[in-house]
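Me: I would be grateful for a close look at one part of this protein, set in the context of the whole. Please treat the strand that I name below and the residues it meets.

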Amino acid sequence: MEHYLIIARSVTYAQRMQRALGLAGIRSQIYRAPRDLTDTGCAYAVQLSAPDLASALQVLHRERLDPVQIFLSQKGSFLEVRP
């Protein structure tokens, strides 16, 4: 199953993202970002299903919670996506 990882600056920022998405009805989970995806060692990611990306980005932009990076995850590999 395809899903997106939206990289946040910190766990607190990821929690804010998850809360904003939840209030908009978009389900997500927080994970520590894989080390090889980001140059910031303590980054966290919010994971959501592929069909929810456009809506999620609108919510995050409205709440001024802009992501650091976005990756599409397919079968264990990651592809960076430009928002």
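**Strand β4 and its surroundings**

The protein has two helices and five strands. Which residues are in contact with L72 and with Q69, leaving aside neighbours within four places in sequence?

Reply: The model discussed here is a predicted one. A short account of the whole comes before the strand itself.

Along the sequence, the two helices and five strands are arranged in the pattern β-α-β-β-α-β-β. The radius of gyration is 11 Å, close to the 12 Å that the globule rule gives for 83 residues, so the protein is as compact as a globular protein of that length. Along the principal axes, the C-alpha atoms occupy a box of roughly 30 × 25 × 20 Å. Of the 83 residues, 36% count as buried. Among contacts between residues at least 6 apart in sequence, 66% join residues at least 24 apart. The exposed surface amounts to about 5400 Å², of which carbon and sulfur atoms supply 48%. As to charge, there are 10 positive and 7 negative side chains, and the centres of these two sets are 7 Å apart.

Strand β4 spans residues 69–74 and is one of the elements that give two or more residues to the largest nonpolar core. That core has 18 residues, and those with the most contacts inside it are I6, M17, L21, L60 and L65. Besides β4, the elements giving two or more residues are β1 (3–8), α1 (11–23), β3 (44–49) and α2 (53–62). The largest share, five residues, comes from α1. Apart from this core lies another, of seven residues, which includes F71 together with A33, A43 and A45. In soluble globular proteins, nonpolar side chains tend to be buried together.

Two residues of β4 answer the request directly. Q69 is placed in this strand. With a relative accessibility of 19%, Q69 counts as buried, because the cut-off for that class is under 20%. Beyond its sequence neighbours within four places, Q69 is in contact with L5, I6, I7, L37, T38 and E80. Of these partners, I6 is also among the residues with the most contacts inside the largest core.

L72 is likewise found in β4, and at 12% relative accessibility L72 counts as buried. Its contacts, leaving aside neighbours within four places in sequence, are with E2, H3, Y4, S77, F78, L79 and V81. L72 and Q47 are 25 residues apart in sequence, and their C-alpha atoms are 9.7 Å apart in space.

The partner E80 can be examined from its own side. E80 belongs to strand β5, residues 77–81, and is partly exposed, with a relative accessible area of 35%. Leaving aside neighbours within four places in sequence, the contacts of E80 are with Q69, I70 and F71. E80 and Q69 are eleven residues apart in sequence, with a C-alpha to C-alpha distance of 7.4 Å.

On the approach to β4, R64 occupies the loop between α2 and β4. R64 is exposed, at 72% relative accessibility. Although R64 is not a glycine, its phi is positive, at about 60°. Most residues other than glycine have a negative phi.

Two further residues help to place the strand within the fold. Q29 lies in strand β2 and is partly exposed, with a relative accessible area of 41%. The C-alpha atoms of Q29 and F71, 42 residues apart along the chain, are separated by 15 Å. Not counting residues up to four places away in sequence, Q29 touches Q18, A45, V46 and Q47.

S28 is found in the loop between α1 and β2 (29–32). S28 is buried, with a relative accessible area of 14%. Under the same exclusion of residues up to four places away, S28 touches Q18, L21, V46, Q47 and L48. The contact with L21 also appears from the other side: leaving aside neighbours within four places in sequence, L21 is in contact with I26, S28, V46, L48, A56, V59 and L60.

To return to the strand in question, Q69 and L72 both count as buried. The contacts of Q69 include I6 and E80, while those of L72 include Y4 and F78.

Terms used. Residues are numbered from 1 along each chain as its sequence is written. This is a predicted model: local features need pLDDT of at least 70, side-chain atom pairs count only at pLDDT 80 or more; totals for chains, interfaces and linings use all residues. Side-chain values use heavy atoms; hydrogens and water are left out. A nonpolar core is a set of buried Ala, Val, Leu, Ile, Met, Phe, Trp, Tyr and Cys residues joined through side-chain atoms within 4.5 Å. Buried means under 20% relative accessible area, exposed over 50%, partly exposed in between (1.4 Å probe, protein chains only). Helices (H or I, at least four residues) and strands (E, at least two) are DSSP runs, numbered from the N terminus. Contact means heavy atoms within 4.5 Å. The radius of gyration is taken over C-alpha atoms; the globule rule is 2.2 Å times the number of residues to the power 0.38. Accessible areas come from the Shrake-Rupley method with a 1.4 Å probe; for residues, only the protein chains shown count as cover. Lys and Arg count as positive and Asp and Glu as negative; His and the chain ends are not counted. The place of a charge is taken as NZ of Lys, CZ of Arg, CG of Asp or CD of Glu.
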